[in-house]
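Below are some short notes on the ligand site and on the ring contacts. Please read them alongside the coordinates.

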Amino acid sequence: MTPWSATVLTLFPEMFPGPLGLSLSGKALATGLWSLETVNIRDFAVDKHNTVDDTPFGGGPGMVMRPDVVDAALASVEDRPGPVLYLSPRGPVLDQALSAELAAGDGVTLLCGRYEGIDQRVLDKRNIREVSLGDFVLSGGELAAMALLDASLRLLPGYMGAEASLDEESFSSGLLEYPHFTRPASWDGLDVPAVLLSGHHENIRAWRLEQAERITRDRRPDLWARYCGQEGGGDEIAKGAMSAR
Ligand code: 4GY
């Protein structure tokens with residue numbers, strides 16, 4: 001089968017696969033569930049010094065990535081499947097819905113900026129979507145690209161071991177996760193909630209839903225409001241999401 005295709009345009013291809021080469025994502029890469037191609041933007045430089053940046057028009061600090069170089073790099077991967085995304089704090093924030101949408105497609109191309117960013121004309125000409133991880137500034141898009149990839153990769157069919165299930169976790173339900181416990185049942189004078197030892201699956205499901213709702217209400221009023229406004233009643237969604245394996 002064709003692997004899910006990740007293409008990353010970067011000035012630092014040596015950063016990849018990085019952490020994505022380890023653990024489940026590394027296994028999935030090795031077994032061909034997904035493929036990774038890095039494109040070194042510097043390979044598309046046109047002068048003898050392989051220049052990729054230049055000073056900003058209008059003045060100010062730092063350097064800007066040259067439109068001709070970045071455009072040539074993008075032209076070299078035009079036939080890759082999926083959308084082209086530019087990792088930038090200016091974009092809408094990545095969420096589980098976009099991660100799932102990307103995972104359901106054939107792949108993604110990620111454009112990683114450095115310095116002060118990329119000449120706006122390339123982004124405009126190619127109508128490139130921007131996606132943000134949140135309201136902070138990284139030194140470059142690479143770490144954000146890895147995080148975005150990780151969030152989609154783990155949703156690929158066949159990524160998880162048989163015992164692990166995604167559909168009762170945080171965000172598939174619109175709720176934050178309920179608390180988790182493992183052995184020993186009593187540790188350091190702290191006991192695991194008795195209901196979890198009861199073997200009463202309906203009570204366990206109800207307790208977990210109640211906990212997830214309380215934590216979401218207390219910590220993330222924005223998620224709580226959305227959850228309460230969900231079509232067809234939150235109960236059904238939550239019940240499905242919280243159902244025992
Ligand atoms: N936050 N979410 C982010 C970022 C680095 C200079 C523009 C973020 O996604 N990416 O901070 N990226 C900057 C580096 C060019 C992107």
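1. A polar contact here is a pair of N or O atoms within 3.5 Å; within protein, one must be able to donate a hydrogen and the other to accept it, and residues adjacent in sequence count only if both atoms are side-chain atoms. Phe136 meets this with a backbone N or O atom 2.8 Å from a nitrogen atom of the ligand. A polar backbone atom of Leu133 is likewise 2.8 Å from a ligand nitrogen, and for Ser88 a backbone N or O atom lies 3.3 Å from a nitrogen atom of the ligand. The protein buries 95% of the 390 Å² that the ligand exposes when taken alone (Shrake-Rupley method, 1.4 Å probe).

2. The model is predicted: local features need pLDDT of at least 70 and side-chain atom pairs pLDDT 80 or more, while totals for chains, interfaces and linings use all residues. Residues are numbered from 1 along each chain as its sequence is written, and side-chain values use heavy atoms, with hydrogens and water left out.

3. The ligand is surrounded by 16 residues (a heavy atom within 4 Å). Tyr115, Leu133, Gly134, Phe136 and Leu138 are the closest. By class, the shell has ten nonpolar, six polar and no charged residues; Asp, Glu, Lys and Arg count as charged, Ala, Val, Leu, Ile, Met, Phe, Trp, Tyr, Cys and Pro as nonpolar, and the others, Gly among them, as polar.

4. The charged end of Arg217 sits over the Trp224 ring, 5.0 Å from its centre. The test is NZ of Lys or CZ of Arg within 6 Å of the ring centre and within 35 degrees of the ring normal.
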